[in-house]
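These are my notebook entries on one chain, taken down as I looked up each feature. I began with the strands and then turned to the helices, the cores and the cysteines.

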Amino acid sequence: MPRSVPELPIAVLDTLMPTVQRLAADRRGSTVWEVESRRGHYAVKLGHPIEATADRPAQPWTALAPAREGAVLHHLGLDDVAYGEWGSGTWNLQPWRQGPDLYQLWEPCRKKGSIVEPHTSVALGCVEALADLHAKGWAHGDVQPAHFIIGPERTHLIDLALARGGHVPAEYDFPFRGCLVHYEAPEIARSVLATGEAEPTPEADIYALGASLLISATGWRAVEYPDDAPRPEQRRAVASGKRRPVRAPGELGDLIDTMLSPVPGDRPTIQEVREALR
């Protein structure tokens, strides 16, 4: 029986008093509403646990993710944020970020026979957004193309539920068990395979940014494995450190290759990436 889409909690309705609300995403573990009100334009995230299937174990942490992200955003100094609990998990509200994500924006680069090269200015905007986070002592932990929103004035790095770098209320915290494997650094994949957990780092974020730029510019993942491979098989391929022989076109090619080094210490820092693009 299909799951019904959860409605906005009463606490959110009382806080925002929406004039317009639109379902932006509804997926395993998370529902996102775009809400307009007299107070402003917001994203409202609702988390709920993912039940076990024949292929994957249950994931109760997804119910806590919105509140954890809300706590992280407060730590980072974002005032227009709130979070709390609802019947199936937690929620947060935060400013809506308008614009395409990195993968959407670079679609013309990926078309067969295209002569359009990815703009270094777009890449620099993504780097600046990640650099801001690193400068505040945090690692993102879940860098991927969909989390870079290319706005009219600046690029926003969103979805900070897995970020590490400061105190998070214990009732909303949970261990980091890896992220989307396409963008997982080899050392993260090895730790998850060995212990079930890992620790996000700036170096792993650099790898994930390189993988994000590569797939957005070329359509190719950094590491080769079957599309339908089980998650552990994907991680073993990433953990091996072996790369696909794919390069991004133009000026980004060499830089992305260094960002995707299998050795964390061989990757450039975010400051070095920023200087290379400038």
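**Entry 1: strands**

I looked first at strand S3 and found it paired with strand S5 (residues 89–95) in the antiparallel sense, over five bridges. The model I am reading is a predicted one. Within this pairing I noted that Leu 46 stands opposite Trp 91 of S5.

I then turned to the other neighbour of interest, strand S2 (residues 30–37), which runs antiparallel to S3 and is joined to it by eight bridges. I looked up Glu 36 and recorded His 41, in S3, as its bridge partner. The connection from S2 to S3 is a hairpin through two residues.

Is S3 enclosed or open? I recorded S3 (residues 40–47) as largely enclosed by the rest of the structure, because six of its eight residues are buried.

On S5 I also followed the pairing with strand S4 (residues 82–86), which is antiparallel and has five bridges. Here Glu 85 stands opposite Thr 90 of S5. A hairpin of two residues leads from S4 to S5.

**Entry 2: helix H7**

I next examined helix H7, which covers residues 202–218 and has 17 residues. I noted a reach of 24 Å from its first C-alpha to its last, close to the 24 Å expected at 1.5 Å a residue. On burial, I found H7 mostly covered, with 15 of its 17 residues buried. After H7 comes Gly 219, for which I noted a positive phi, near 85 degrees.

**Entry 3: nonpolar cores**

Which residues of the largest nonpolar core touch the most other members? I listed Trp 106, Phe 148, Leu 209, Leu 213 and Leu 277, out of 63 residues in that core. Several elements each supply at least two residues to this core, among them helix H2 (65–75), helix H5 (120–135), strand S6 (148–150) and helix H10 (270–277). H7 gives the most, with ten residues.

I took Leu 213 as a case to follow. Leaving aside neighbours within four places in sequence, I found Leu 213 in contact with Leu 102, Trp 106, Ala 123, Ile 256 and Met 259. I also noted a second, separate core of eleven residues, which includes Leu 8, Val 35, Val 44 and Ala 82.

**Entry 4: Ile 188**

I located Ile 188 in helix H6. Its relative accessible area is 6%, so I entered Ile 188 as buried. Beyond its neighbours within four places in sequence, Ile 188 is in contact with Phe 176, Gly 178, Ala 198, Glu 199, Pro 200 and Ala 204. I also looked up its separation from Leu 8: the two C-alpha atoms are 35 Å apart, and the residues are 180 apart along the chain.

**Entry 5: cysteines**

How many disulfides does the count give? With a cut-off of 2.5 Å between cysteine sulfur atoms, I recorded a count of zero disulfides. Cys 126 is in no disulfide, and the nearest cysteine sulfur, that of Cys 109, is 12 Å away. I entered Cys 126 as buried, because its relative accessibility is 0%.

Why does Cys 179 form no bond with the closest cysteine sulfur? The sulfur of Cys 179 is 16 Å from that of Cys 126, the closest one, and this is too far for a bond. Cys 179 has a relative accessibility of 13%, so I counted Cys 179 as buried.

How values were computed:
Residues numbered from 1 in each chain as written. Predicted model: local features only at pLDDT ≥ 70, side-chain atom pairs only at ≥ 80, totals over all residues. Heavy atoms only, no water. Helix = DSSP H or I, 4+ residues; strand = E, 2+ residues; numbered from the N terminus. Expected span 1.5 Å × (residues − 1). Buried < 20%, exposed > 50% of the residue type's maximum accessible area, 1.4 Å probe, protein only. Pairing = 2+ DSSP bridges. Core = buried A, V, L, I, M, F, W, Y, C linked by side-chain atoms within 4.5 Å. Contact = heavy atoms within 4.5 Å.
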